[in-house]
Amino acid sequence: FPTRRSSDLIKVTMKLNFISLFVYLPIGFALGILAALKKNKFTDNFLMFMVMVFISIPSFVLMFLLLLLFGYSLGWLPTQFPSGDAEGSVLFTSLILPVLGLSLGSIAGLTRFTRAELTEVLTSDFLLLARTKGLTRTQAVIRHAMRNSMVPLVPTVIVAFIGLISGSAVIEMVYGIPGMGTLYIQSLAQ
């Protein structure tokens with residue numbers, strides 16, 4: 001990648017990381033909320049099993065599995081990032097696998113943390129008080145529980161984004177994305 005400027009490499013890396021961020025935040029929050037509201041039921045147990053699986057698998061191993069399944073076995077998605085300035089559907093399909101590789105572990109972590117925080121708030125005394133004042137379960141969850149459980153999640157999102165940036169170096173190398181991670185790894189090898 002000697003012909004590319006570092007500003008172009010930063011743009012590619014940031015685009016990949018911001019797309020991953022906007023994919024994993026709503027999905028992670030939604031699955032965590034669902035798991036907390038369905039605590040100790042089949043939905044919760046299944047989600048927590050999948051969370052443990054995806055937390056346990058490193059992102060580069062997950063990327064290899066995604067490439068093997070969707071790229072080589074099924075042939076649905078490209079196995080390498082397109083060279084040159086790709087646009088439109090080619091760029092979209094080439095970003096699906098790296099975004100999935102970066103997002104699945106973050107979705108699992110955010111789901112677990114959201115479930116833990118919301119479960120703790122749902123069993124608190126002030127929520128019981130809100131229910132005794134006449135609020136329905138849905139009103140109590142939306143007005144009180146959600147607001148209080150989201151406070152500790154903000155720092156988690158910031159830390160997770162930093163983790164995405166560092167994790168994208170390996171994903172970029174595996175998928176052949178001309179980004180800062182690839183340049184960083186190449187500079188270490190020289």
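Where is the place of Leu 65? Leu 65 sits in helix α3. The model described here is predicted.

## Leu 65 and the nonpolar patch

Helix α3 covers residues 59-73. Leu 65 has a relative accessibility of 45% and therefore counts as partly exposed. That class lies between buried, under 20%, and exposed, over 50%.

Leu 65 helps to make a nonpolar patch on the surface. Its partners there are Phe 60, Val 61, Phe 64 and Val 170. The patch measures about 400 Å². Which helix gives the most to the nonpolar patch? Helix α3 does, with four residues.

## One salt bridge

How many salt bridges does the count come to? The count is one. Asp 44 pairs with Arg 115 in a salt bridge. Their closest N and O atoms are 2.7 Å apart.

The pair links distant parts of the chain. Asp 44 belongs to helix α2, residues 42-56. Arg 115 belongs to helix α4, residues 88-122. The two residues are 71 residues apart. Are Asp 44 and Arg 115 buried or exposed? Both Asp 44 and Arg 115 are buried.

## A patch of positive charge

The surface also carries a patch of positive charge. Lys 38, Lys 41, Arg 131 and Arg 137 gather there. One of them, Lys 41, lies in a loop. That loop runs between helix α1, residues 6-37, and helix α2. Helix α2 is also the place of Asp 44, the salt-bridge partner of Arg 115.

How values were computed:
Residues are numbered from 1 along each chain as its sequence is written. This is a predicted model: local features need pLDDT of at least 70, side-chain atom pairs count only at pLDDT 80 or more; totals for chains, interfaces and linings use all residues. Side-chain values use heavy atoms; hydrogens and water are left out. Patches are made of residues with over 30% relative accessible area and no salt bridge: like charges are joined within 9 Å, nonpolar side chains (Val, Leu, Ile, Met, Phe, Trp, Tyr) within 5 Å. Accessible areas come from the Shrake-Rupley method with a 1.4 Å probe; for residues, only the protein chains shown count as cover. A salt bridge is a side-chain nitrogen of Lys or Arg within 4 Å of a carboxyl oxygen of Asp or Glu. Buried means under 20% relative accessible area, exposed over 50%, partly exposed in between (1.4 Å probe, protein chains only). Lys and Arg count as positive and Asp and Glu as negative; His and the chain ends are not counted. The place of a charge is taken as NZ of Lys, CZ of Arg, CG of Asp or CD of Glu.
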